[in-house]
Amino acid sequence: MRVLVTGGAGYVGSVVCRRLREAGHAVSVLDDLSAGHRESVTGVDLTVGDCGDRARLAAIFRRARIEGVVHMAASCRVGDSMADPAGYYRNNLVRSLVLLDAMREAGVGCFVLSSTAAVYGEPVSTPIPEDHPTRPTNPYGETKLALERALHWQRQAHDLSYVSLRYFNAAGATSDGALGEDHRPETHLIPNVLRAALDATAVSVFGTDYDTDDGTPMRDYIHVEDLADAHVRALEHLRSRPCGAIYNLGNGTGTSVREVIEAAQRVTGRTIATRDSPRRPGDPARLVASADRARRDLDWVPRSSSIETMVESAWRFLRNRPGGYAG
């Protein structure tokens, strides 16, 4: 399949592009490089631009004869979304609606969305199935949920075939250490913990009074290579069985912030100092997935489920690139 990956130069996007190419798909990337890195998508057809640029999209669809879209371009920091809700609605929803219109005009009817567990908000039960109530506690989750709802109606009106993949917490790096997490600034826990180990600095623990065993937030971490595999399987599922479907992607196991730090100390062999900080607005106490539906429908089984494996791969990437990507 000839696939356009929006946001393909980002952390998860670059690994998805690699996995798509390994599976024999022809990959084009559209990325404005505001958070992605040109160096992470060498060897693919890269267009630098905005996924809300209708003319640019039409040109890519025509030139590359695109058959399917993996949509990963989005703003994704919970705290920033609380501070700038309108910006998140523009980036995550309005631009995505332009993309859907451009797809329809070009006759592209296959769509995989990078969504999020943030659509659930504070869960009423765990593990969380896909039919759990959706009550986001932050604008980031709200914008992703609004786009999922738009996809449902787009299917009703225009027969769009789509899969929405609700990630829990992406983690780790590729096994060769070439592709990993490098945000500027970095807000995710594992790379910040490892940076603290490398630089002998303290890492902030945001909230120590949650209703969890050790008082720190609990998340379901999923290896980035397992996430990438799910995208390939979703595309191939749509090609053989057009549908509109939603899948959680997680391991079904919760790991607290303090447990991540302990795992990082074991992997690195270094003591990591911590600094207790206030809760971040919009952060639920725990998010743990039920991914039974993805296992059943997509035949998807995470292969790197231990937190030590994820931390070890991220540590390898950081040591390979202590200053991050060059570009």
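Helix 6 contributes more residues than any other element to the lining of the second largest pocket, namely four. The model in which this pocket appears is a predicted one. The second largest pocket has a volume of about 240 Å³, and 19 residues line it. Those that lie nearest its centre are Glu-181, Glu-186, Pro-191, Arg-195 and Leu-318. Two elements give two or more residues to this lining: helix 6, which spans residues 189-199, and helix 10, which spans residues 307-320. Sorted by class, the lining of the second largest pocket comprises seven nonpolar, six polar and six charged residues.

A cavity may be considered next. Rolling a probe the size of a water molecule over the atoms reveals where empty space remains. A search of the whole structure finds one cavity of 30 Å³ or more. The largest cavity holds about 40 Å³ of space. Its lining includes Ala-9, Gly-10, Tyr-11 and Ser-14, together with Ala-35, His-37 and Ser-40. Gly-180, Asp-182, His-183 and Tyr-325 also line the largest cavity. By class, the lining of the largest cavity divides into four nonpolar residues, six polar residues and one charged residue.

Helix 2 shows how a helix can have a buried and an exposed side. In this helix, which covers residues 54-64, Leu-57, Ile-60, Phe-61 and Ala-64 are buried. Viewed down the axis of helix 2, these buried residues fall within an arc of 95 degrees, and therefore they line one face of the helix. An α-helix has 3.6 residues a turn, so residues three or four places apart point the same way. The face turned away from the buried side of helix 2 carries the exposed residues Ala-55 and Arg-62.

Against what do the buried residues of helix 2 pack? Their partners are strand 1 (2-6), strand 2 (26-31), strand 3 (45-48), strand 4 (68-71) and helix 4 (85-106). Just after helix 2, Arg-65 adopts a positive phi of about 50 degrees.

The last feature is a sheet. Three strands form an open sheet in the order 12-9-14, with mixed pairing. Strand 12 (255-256) and strand 14 (286-287) are the edge strands, each of which pairs on one side only. Strand 9, made of residues 218-219, is joined to strand 12 by two bridges, and these two strands run antiparallel. Within strand 12, Ser-256 is the bridge partner of Met-218.

Technical notes:
Residues are numbered from 1 along each chain as its sequence is written. This is a predicted model: local features need pLDDT of at least 70, side-chain atom pairs count only at pLDDT 80 or more; totals for chains, interfaces and linings use all residues. Side-chain values use heavy atoms; hydrogens and water are left out. Two strands pair if DSSP finds at least two bridges between them. On a 1 Å grid over the protein atoms alone, a cavity is a set of points where a 1.4 Å probe fits but cannot get out, and a pocket is an open set with protein on both sides within 12 Å along at least five of seven lines; lining residues have an atom within 4 Å of a point. Grid points are joined across faces, edges and corners, and a volume is the space filled by probe spheres set on the points. Ala, Val, Leu, Ile, Met, Phe, Trp, Tyr, Cys and Pro count as nonpolar, Asp, Glu, Lys and Arg as charged, and the others, Gly among them, as polar. Buried means under 20% relative accessible area, exposed over 50%, partly exposed in between (1.4 Å probe, protein chains only). The arc is that of the directions from the helix axis to the C-beta atoms. Contact means heavy atoms within 4.5 Å.
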